[in-house]
Amino acid sequence: MEQKTMLNINLDSGLKNETAELLDNLGMDFTTAITIYFKQIIKKRRIPFELSDTRFFSVEDVAGADWRNNLDEIEDEWE
């Protein structure tokens, strides 16, 4: 049998509670979930899901900071 070791982590309490509830619904505890996660990291030799920085653009990003200034000049086809 492999020797066990302790892993201590700090989490946001809301994240911990939400995760505990979901894991409980799945019939799992934190140890089982973390073990599965770590085994997938080893098996796939990467984080087992895509990591990205999703960027949402605001109107200001697309049209410029002063986009409201010339709204009266915009022609539309609603009339």
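Here are four short exercises on the predicted model above, each with a worked solution. Residues are numbered from 1 along each chain as its sequence is written, and side-chain values use heavy atoms, without hydrogens and water. Because this is a predicted model, local features need pLDDT of at least 70 and side-chain atom pairs count only at pLDDT 80 or more, while totals for chains, interfaces and linings use all residues.

**Exercise 1. Overall form**

Work out which elements the chain has, and whether it is spread out or a compact globule.

*Solution.*
- Start with the elements: there are 3 helices and 0 strands, in the order α-α-α from the N terminus. Helices (H or I, at least four residues) and strands (E, at least two) are DSSP runs, numbered from the N terminus.
- The radius of gyration is 24 Å, well over the 12 Å of the globule rule for 79 residues, so the chain is more spread out than a compact globule. That radius is taken over C-alpha atoms, and the rule is 2.2 Å times the number of residues to the power 0.38.
- Then look at the box: along the principal axes, the C-alpha atoms fill roughly 75 × 30 × 25 Å.
- For one pair, take Met28 and Val62: they are 34 residues apart along the chain, and their C-alpha atoms are separated by 45 Å.

**Exercise 2. Burial**

Find what share of the residues is buried, and place Leu11 and Met28 on the exposure scale.

*Solution.*
- The classes are buried (under 20% relative accessible area), exposed (over 50%) and partly exposed (in between), with a 1.4 Å probe and protein chains only.
- Of the 79 residues, 3% are buried.
- Leu11, in the segment before α1 (13-25), has a relative accessible area of 46% and is partly exposed.
- Met28 sits in the loop between α1 and α2 (30-44); at 28%, Met28 is partly exposed.

**Exercise 3. Charges**

Determine how far apart the mean positions of the positive and negative charges are.

*Solution.*
- Count Lys and Arg as positive and Asp and Glu as negative, leaving out His and the chain ends.
- Place each charge at NZ of Lys, CZ of Arg, CG of Asp or CD of Glu.
- The 9 positive and 17 negative charges have mean positions 24 Å apart.

**Exercise 4. A backbone angle**

Explain what stands out about the phi of Arg45.

*Solution.*
- Most residues other than glycine have a negative phi.
- Arg45 is not a glycine, yet its phi is positive, about 60°.
- Arg45 lies in the loop between α2 and α3 (59-63) and, at 72% relative accessibility, counts as exposed.
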